[in-house]
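Work through the exercises below with the sequence and the model open. Try each task before reading its solution.

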Amino acid sequence: MLSIDHMGEYHVATSIEDALEKLSRCENDSQIIAGGQTMMLLIRQGLINPDLLVDISKIEQMRGVVENKENIRIGAATTYSELKRSSVIEKEFGYYKDALSEIAGPQVRNQGTIGGGLVYGDPALDTPPVLLTLDAELEIQSLEGIRRVKLEDFFVDYYETAIKDGEILTGIIIPKLPKLSAGKYRTMTPRHGDYALAGVCVRLTLNENKECICARIGLTNGGDIPKRAITSEKILEGTLMHNEIIEDSVKCLGDVLEINEDIQTPKSYREKVFDGITRQTIIDVRSILDGVEQ
Amino acid sequence: MSGMKLDINNKIYTVNVSPYKSLRDVLRYDIGLTGTKESCDSGVCGVCTVLLEKGAVKSCLIPVGKVIGEKITTIEGLEIDGELSKMQQAFIDCFASQCGYCIPGFIMAATSLLEENNKPTIQEIREGLSGNLCRCTGYVKIIDAVKKAAESEI
């Protein structure tokens, strides 16, 4: 509780450049704050005690959803509520909204940002697996310039990402999905608004012959980082995804799952949950695509 | 940080506190607006819900440095010239309170819900209140109250 009375500095940045400069001039411990929905807990619990907080939530360049011909750019400081209301997201990849509705409650979604959730690197968050199925890329800015990192290369280890000191995640770039694509996010969550025990997002793209030409499977809480089940994806690709193929795909989840035992849920139970929800979600997405007019 | 100016319920307050202090603690302990309650301290229960310009937030998760210059509305700010808001009146009319501790948070979350969607379905009301916990009522009367307030809104 002591740290909350700490007379640190709070700087509300007016531009990305302003934020970067402010951070570079700080010789003591500094942190970036966006929505603050996790940062405030870390400060109050005394886990961090920064001398400077740079608030990036009001920077115009970092807010909103912009659509162009090939892709969609989401400003990293866009809140989950704003994403939920976005007509562009609804039109291009509406299944992202399944995951947005899973995040905490409305008050947290009104403040929490897409970028904040990504840089926190929590493997239990709902949105990273969905963004993995969308082949998202991240735009990261520092005083040296802008670099792009694929989301699948961004998560390094438990709560650790590829972002370095002096860098800010400014935007998320999502290529538009090809025709005949659909997706779904599903979790097993003990209580609504709580962290998922297991979650999976599946996105499939078919060709005119109903063959799967692209499969993406993203996992929530399946290990130390949000991750894709690449072997399982590959088994679906190039096939008509009959039930036996789906079964083979689900069997390969073990290649990527790294589940730790915990007191409430044995590893074997959570593995079964992953198998069940992945099988069902692939079948559901296949059915959605069966119903799509070619 | 000295001399932070906060715009709460259309009144300006000046406080000298750490900008990292939660808005909830500033409201309760520095300003004395104790209608905003305190319970889980971790963004789960919703008793500390207040309104900012972008909608309802949990004030225990907002560092006060974040809301300088922003309009803040607490439960004390809903009453205008001695008259309760429609939502407050609906909670009374529907007996939507037992111990009452969670109710300011529910009223603020529900007020925010109706600002966004003035004709919510029961399911939308339930979702809109999913960030608030009540341990007495079982929620039925709370949902009735929000429905009543929404109907009187039209």
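Helices (H or I, at least four residues) and strands (E, at least two) are DSSP runs, numbered from the N terminus. The model is predicted: local features need pLDDT of at least 70, side-chain atom pairs count only at pLDDT 80 or more, and totals for chains, interfaces and linings use all residues. Residues are numbered from 1 along each chain as its sequence is written, with chains lettered from A and ligands numbered from 1 in the order in which they are written.

**Exercise 1. Describe the fold of chain B.**

Task: give the order of elements in chain B from the N terminus on.

Solution. Start with the count: chain B has five helices and five strands. Then read along the chain: the order is β-β-α-β-β-β-α-α-α-α.

Next, take the dimensions. The C-alpha trace spans about 45 × 30 × 25 Å along its principal axes. The radius of gyration is taken over C-alpha atoms, and the globule rule is 2.2 Å times the number of residues to the power 0.38. For 154 residues the rule gives a value near 15 Å; chain B has 15 Å, so it agrees with a compact globule.

Now burial. A residue is buried if 20 or more other C-beta atoms lie within 10 Å of its own, exposed if 12 or fewer, and partly exposed in between, with C-beta atoms placed from the backbone. Buried residues form 46% of the 154 in chain B.

**Exercise 2. Analyse the packing of α2(B) and α3(B).**

Task: find the angle at which helix α2 and helix α3 of chain B pack.

Solution. Axes are lines fitted to C-alpha atoms, for helices over the stretch in contact, and angles run from 0 to 180 degrees between N-to-C directions. Helix α2 (residues 86-93) and helix α3 (residues 103-116) of chain B pack at about 130°, with axes 10 Å apart.

Classify the angle. Under 35 degrees is roughly parallel, over 145 roughly antiparallel, 65 to 115 roughly perpendicular, and the rest oblique. The pair is therefore oblique.

List the residues in contact (C-beta atoms, placed from the backbone, within 7 Å). B:M87, B:Q88 and B:F91 of α2(B) meet B:I103, B:I107, B:A110 and B:T111 of α3(B). Sort them: five are nonpolar, two polar and none charged. Here Ala, Val, Leu, Ile, Met, Phe, Trp, Tyr, Cys and Pro count as nonpolar, Asp, Glu, Lys and Arg as charged, and the others, Gly among them, as polar.

**Exercise 3. Characterise chain A and its side of the interface.**

Task: which element of chain A gives the most residues to the side that touches chain B?

Solution. First, the chain itself: 12 helices and 14 strands. Buried residues make up 49% of its 294 residues. Of the contacts in chain A with a separation of 6 or more, 63% join residues 24 or more positions apart.

Then the interface. The contact takes 23 residues from chain A and 24 residues from chain B. On the chain A side, α2 (39-44), β3 (52-55) and α6 (106-111) each give two or more residues. The most come from α6(A), with five. By class, this side has 10 nonpolar, 11 polar and two charged residues.

**Exercise 4. Place two residues with positive phi.**

Task: is A:N221 buried or exposed? Do the same for B:D41: buried, partly exposed or exposed?

Solution. Most residues other than glycine have a negative phi. A:N221 has a positive phi of about 60°. A:N221 sits in the loop between β13 (212-220) and β14 (227-228) of chain A. With 24 other C-beta atoms within 10 Å, A:N221 is buried.

B:D41 has a phi near 65°. B:D41 lies in the loop between α1 (23-31) and β3 (49-52) of chain B. Its count is 17 other C-beta atoms within 10 Å, so B:D41 is partly exposed.

Conventions: Two residues are in contact if their C-beta atoms, placed from the backbone, lie within 7 Å.
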